[in-house]
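User: Could you take me through one part of this model in detail? I would like a close look at the sheet and what surrounds it.

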Amino acid sequence: MADANVDREQGPASLPAPDSTAQAQAGPIGPRFPRLPVRKWFKSIRGRLKRGVKTFRKIARAGTKQLRRDVKRVSPHILKNLWLKSIRDRLKRGVKTFRKIARAGTKQLGRDAKRVSSRILKNLRHPKRPTARETAEQKAIRRARRKADAHHLKQEEKKRQYQRLQSLMEPLTTTDPPPLPPDPADVKQIAVVADMGIGNLILFQPFMRALRQRFATAEIILINFKSRGTAAHALIGDWVDRHLIFPYRKEVSQEALEAVHAEMAAMDLRPDIVAARWMQDVNILYLLRATEPRYRAGFVTSGGFVGTLDCAFNVPVTMEKHQHEVERYLLLAAALGCDTSDRHIELRIGSAAHRRASAFLTETGITDRTVICIQTGSSTIQTWKRWPLENWMALAQRLQSAGLAVVFLGSEDECEEIETTLAEAGLQGASGIVNAAGTLSLLESAAVIAQARLMVGADSSLMHVAAATGTEVVALMGPTDVDRTRPWTEHCVLIQRPCRCNTGTLFDLSIQKKMAHCNAPCMAEIQVDQVADTVFSRLRCSKGEGGKASEEGRQARQTSQTDQNGHT
């Protein structure tokens with residue numbers, strides 16, 4: 001019993017020392033936890049490093065501190081379960097127990113030693129030489145040199161890409177220009193490049209209508225390089241026979257041209273005319289080279305637009321600065337001999353979309369109120385067009401307090417953002433405020449707008465949809481060219497503040513980059529009271545004077561009721 005008490009007081013320190021065999025198996029670090037032969041291990045390094053005793057002591061101190069910390073961390077974990085056993089059992093097991101502890105501890109310490117030693121040796125092999133602190137002027141010089149080098153590399157890459165473009169474009173520049181305008185009897189197939197958003201597709205309608213009237217017997221094929229097939233079919237599908245989507249390619253190479261040629265041949269694409277809008281890239285050049293049409297119509301450098309494929313078009317079209325998109329597209333139609341007198345835009349919604357929109361308004365219980373539609377978002381690559389969401393919620397609250405119904409429309413990406421902001425403003429679930437973003441399709445949203453009294457939104461797709469349905473528009477215009485992108489209707493009110501980023505054109509890519517970094521102060525300066533007063537003023541005007549916008553709104557609602565009965 002006395003021996004047991006002595007052992008209990010001594011604790012783990014009374015464990016028997018390992019034999020020489022166990023110590024040899026434990027490795028150079030050794031199993032003695034508190035004290036490790038680190039110096040003996042580092043002496044072998046001293047001769048190879050040739051750094052003398054001073055360097056060796058630095059290594060020893062750094063390694064010993066790290067290894068001792070690891071020993072303190074590892075040993076309680078290993079001895080936790082062993083300490084619960086009786087001292088008698090531990091004394092009986094003796095060397096066997098200690099060898100287990102030594103092996104477990106040695107593995108962990110060996111891993112830590114390798115990590116510490118590699119870190120120390122790395123610093124000794126590549127020592128950080130003390131350098132003088134850079135002054136502000138030296139830092140500016142170094143940044144300027146780095147920026148200049150990056151700009152030089154970028155310019156060199158642009159030169160190489162331009163040379164590759166010129167080599168691909170050379171066969172097109174040697175052909176003789178065809179007689180103009182083209183004879184409709186000789187044109188069997190027309191390819192139209194319409195890689196654009198929803199708003200531009202609506203503004204593209206007069207061009208497509210004029211093209212169909214001129215070439216009534218030709219097959220018109222709409223070509224996209226991105227997945228905008230649903231929107232294109234809904235907006236301009238009446239004048240299109242086929243719609244093809246090709247993968248978007250960024251590289252400029254002969255291999256890519258051969259791949260496009262194989263794709264065009266597989267789809268039986270042999271157009272006599274290829275018409276492209278003002279946006280140019282290498283995919284249009286691939287299309288022109290692969291199909292080799294007789295007439296290659298497209299916009300060239302003019303009106304603030306700098307083209308890269310001017311030599312590829314044998315029917316060049318020039319445009320003016322601050323010219324509306326509809327008028328620019330019709331210039332392209334006029335170059336092909338089309339009649340451009342019909343300039344109106346329209347949107348054929350259909351009876352199914354009208355029924356779905358009416359059912360949605362009935363479910364929300366706002367059919368007995370005057371409906372105001374709001375779109376808060378814009379294109380994800382043109383965020384400078386957006387008005388702050390807090391202002392939209394304040395406007396919705398003002399309209400709701402006046403007895404109006406507010407319907408938020410938009411895409412699925414905007415739904416969650418609107419819900420969060422409504423909750424923060426305390427308007428979630430409020431009577432007369434409905435969030436339909438992401439719930440309705442494009443045509444269903446257009447049907448809701450057609451039955452509404454007014455549409456309020458930024459420079460976005462639904463602004464042009466409202467103009468096509470005949471609903472009056474209150475548009476919040478950001479740092480964009482209003483003359484070029486305004487709604488194509490007489491019944492609209494534009495609200496815009498001056499901005500230093502508004503240069504009047506978006507063709508230059510460097511201007512786009514500047515506007516991408518712009519926080520849109522012009523949009524933030526538009527006051528909620530100003531927008532609300534404009535909405536109330538337009539409502540009083542259309543109600544009291546019985547203006548043209550009110551009449552067209554009633555006609556649109558009558559058309560929707562007729563469509564619900566099945567008579568389109």
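Analyst: Happy to; here is a walk through the sheet, strand by strand, and then the helices that lie across it.

A word on conventions. This is a predicted model, in which local features need pLDDT of at least 70, side-chain atom pairs count only at pLDDT 80 or more, and totals for chains, interfaces and linings use all residues. Residues are numbered from 1 along each chain as its sequence is written, and side-chain values use heavy atoms, with hydrogens and water left out.

The sheet is open and has 6 strands in the order S3-S2-S1-S4-S5-S6, with parallel pairing. Strands here are DSSP runs (E, at least two residues), helices are DSSP runs too (H or I, at least four residues), and both are numbered from the N terminus; two strands pair if DSSP finds at least two bridges between them. Strand S3 (242-245) and strand S6 (315-317) stand at the edges with a single partner strand each, so one side of each has no neighbour in the sheet. On average, neighbouring strands of this sheet are turned by 15° against each other, direction ignored.

Now to S1, residues 189-193. Towards S2 (residues 219-224), S1 runs parallel and is joined by 5 bridges. Among the pairs, Ala191 has Ile221 of S2 as its bridge partner, and Val193 stands opposite Ile223 in S2. Towards S4, S1 pairs in the parallel sense over 4 bridges, and here Val193 stands opposite Ala276.

S1 is also mostly covered, as 5 of its 5 residues are buried (buried means under 20% relative accessible area, with a 1.4 Å probe and protein chains only). Gln189, Ala191 and Val193 are buried on one side, while Ile190 and Val192 are buried on the other.

Two helices lie across these strands. Helix H9 (residues 205-214) lies across S1, S2 and strand S4 (273-276), running at about 175° to S1. Helix H12 (residues 282-291) lies across S1, S2, S4 and strand S5 (295-299), at about 175° to S4. For these angles, axes are lines fitted to C-alpha atoms, for helices over the stretch in contact, and the angles run from 0 to 180 degrees between N-to-C directions; contact means heavy atoms within 4.5 Å.

To put the picture together: S1 has S2 and S4 beside it in the strand order, its residues on both faces are buried, and both H9 and H12 lie across it.

Terms used
Buried means under 20% relative accessible area, exposed over 50%, partly exposed in between (1.4 Å probe, protein chains only).
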